[in-house]
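Reader: I have a protein on my screen and no clue where to start. Can you walk me through it, piece by piece?

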Amino acid sequence: MIQVAILGATGSIGQSTLDVIARNPDQYQVFAVSGHQRLAELLDICKKFQPQLAAVPEEKAVYFQEQLLAAGCSTEVVAGKEGLQALASTPEVEVVVAAIVGAAGLLPTLAAIKAGKRILLANKEALVMSGALFMDAVKTHQAVLLPIDSEHNAIFQCLPADFAKRSFAEQGIEKLLLTASGGPFRGWSKESLQAVTPAQAIAHPNWSMGQKISVDSASLMNKGLELIEACWLFSVQPQQIEVVVHPQSIIHSMVSYLDGSVLAQLGNPDMRTPIAHALAWPERIPAGVEALNLITSTALTFEKPDEDAFPCLKLARQAFEAGGTAPALLNAANEVAVAAFLAQQINFTQIPEVISQVLEVSTIQAANDLEFLLSEDQRANQLAASIIQNFH
Ligand code: NAD
Ligand code: MG
């Protein structure tokens, strides 16, 4: 029986993971879960899966423990950031699903890495922020890092099994084709993007996801973060990655080889497929996802991304190229800008403005110290907040 910890169990990825585990009860058991705000949902999860541990924010720990007792659950509550990190490195746990959104997921994910776990990575922001530090820790502690972001999981499936052992050139790999749906505003002009509402931005055409990643998909920052994620996961440079807009989200990404072969991974857009793949790898398990029917599916189309109307993709590429703390600053500014957009404090088109201003006025420094990186994340948060204040 494989024991699984789900960081961010109440979220969209968390719920999809629980669904896959519930379909494979002979192989997987939920050992630990975490939640942040939606504690009624976390309680339901505890009732259904009876985990040993549940992490909640410090101020809610006593209340939540009482709720568990009243519901007849023997789940033990661990509190706050320390509790979450301890949960991520619990000895009994073999697999950690990193599904917290944003920078808040960095320390618990690193704790799981340092404990040498198999990490199923959804929390791309953690890797984007800490790049080299993150990948070095994976190597040092012999953790197994498997992407469940659908594009990266697709690329992983299309690469040779031992791709990390040799260079891409030696393996005849020419480039990675990272697909993007284009989001709800694909084809819209820069001008028409100014007046879009949060409700429009989070209504993704193909995927049902958390609010932050939905806004990132609409602004193309999600693809920018994914470009950086792919650079670290597969040791490639941005020039080796071509972003291809594919509105149907049937092909989840591709690998192009020297001999003209292009390998793609296809499937209905459902996160349970990459989650099940990474849970069972190198085996396969059922995910509850309907098989793809190519006869009844719509035509597959492809186009270039519009980097003028959606500057976030370019900003992310530039931040990766600048290196050091730049991707962490980009990520922090984006998190603050997205929250401000959702709170209707800024326009959609001001999201990239906040990010470029934060990057412009900051000095990019080396990012090989975790404490320093976290302090830069905080500094960029405050800077972004003050830039937003000045818009008014
Ligand atoms: P979500 O908003 O649905 O869930 C977020 C989870 O994080 C919740 O469980 C919440 O309790 C927890 N959380 C939020 N703030 C926290 C904090 N400060 N401390 C501790 N926990 C906190 O988000 P989601 O859509 O499930 O996305 C989660 C991550 O997976 C993101 O990094 C996203 O980019 C990535 N991802 C999501 C999808 C998808 O289809 N939803 C696809 C690919 C990658
Ligand atoms: Mg993705």
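**Reading the sheets, helices and ligand shell**

Author: Sure. Keep in mind that this is a predicted model. Let's begin with one open sheet, built from four strands in the order E9-E8-E10-E11 with mixed pairing.

Reader: Which strands stand at the edges of that sheet?

Author: Those are strand E9 (241–245) and E11. Each has a single partner strand, so one side of each is left without a neighbour in the sheet. From one strand to the next, the twist averages 20°.

Reader: And what packs on the sheet?

Author: H11 does, touching E8 and E9. The direction of H11 makes about 150° with that of E8.

Reader: How do I read the pairing of E8 with E10?

Author: Look at the direction and at the bridges. Strand E8 (residues 173–180) and strand E10 (residues 251–257) run antiparallel, joined by four bridges. Try finding the opposite residues: Ile173 faces Tyr257 in E10, and Leu176 has Val255 as its bridge partner.

Reader: What about E10 and E11, in which sense do they pair?

Author: In the antiparallel sense, over four bridges, with strand E11 covering residues 262–266. For a pair to look at, take Met254, whose bridge partner in E11 is Ala264. E10 and E11 form a hairpin with four residues between the strands, and there Gly260 takes a positive phi near 95°.

Reader: Where should the side chains point in a strand?

Author: The general idea is that in a regular strand they alternate between the two faces of the sheet. Now for the other sheet. Seven strands make up an open sheet with parallel pairing, in the order E4-E3-E2-E1-E5-E6-E7. Strand E4 (76–79) and strand E7 (144–147) are at the edges; each has a single partner strand, so one side of each is left without a neighbour in the sheet. Ignoring direction, neighbouring strands here are turned by 25° against each other on average.

Reader: How many bridges join E1 to E2?

Author: Five, between strand E1 (residues 2–7) and strand E2 (residues 28–34), which run parallel. Within this pair, Gln3 stands opposite Gln29 in E2. Helix H3 (residues 61–70) packs on the sheet and touches strand E3 (53–56) and E4. The direction of H3 makes about 170° with that of E4.

Reader: Okay, helices next. How are two packed helices described?

Author: By the angle between their axes and the distance between the axes. As a case, take helix H7 (residues 150–158) and helix H11 (residues 221–234): their axes come within 10 Å and cross at roughly 30°. The crossing of H7 with H11 is right-handed.

Reader: Which residues make that contact?

Author: H7 brings Glu151, His152 and Ile155, while H11 brings Glu226, Glu229, Ala230, Leu233 and Phe234. Sorted by class, the contact of H7 with H11 has four nonpolar residues, one polar and three charged.

Reader: Let's zoom out. Which domains is the protein chain divided into?

Author: Domain 1 (2–147), domain 2 (165–268) and domain 3 (323–391). Between the C-alpha centres of domain 2 and domain 3 there are 22 Å. Their contact takes 13 residues from domain 2 and 10 residues from domain 3.

Reader: Which elements of domain 2 give two or more residues to the side that touches domain 3?

Author: Helix H8 (190–193), helix H9 (198–201), helix H10 (211–219) and H11. H10 gives the most, with five residues. That side of domain 2 has seven nonpolar, three polar and three charged residues.

Reader: Last stop, the ligand. Which residues come nearest to ligand 1?

Author: There are 24 residues around ligand 1, and of these Gly11, His36, Ala122, Met209 and Gly210 come nearest. The shell has 11 nonpolar, 10 polar and three charged residues. Helix H1 (12–23) and helix H6 (124–140) each supply at least two residues of the shell, and H1 gives the most, with three residues.

Reader: Which domains does the shell around ligand 1 draw on?

Author: Domain 1 (2–147) and domain 2 (165–268), with at least three residues from each. Have a go at finding them on your screen.

Technical notes. Residues numbered from 1 in each chain as written. Chains lettered and ligands numbered in written order. Predicted model: local features only at pLDDT ≥ 70, side-chain atom pairs only at ≥ 80, totals over all residues. Pairing = 2+ DSSP bridges. Axes fitted to C-alpha atoms, helices over the stretch in contact; angles between N-to-C directions. Contact = placed C-beta atoms within 7 Å. Near = placed C-beta within 6 Å. Nonpolar A, V, L, I, M, F, W, Y, C, P; charged D, E, K, R; others polar. Domains from an automatic or database assignment. Left-handed = near helix turned anticlockwise from the far one by under 90°.
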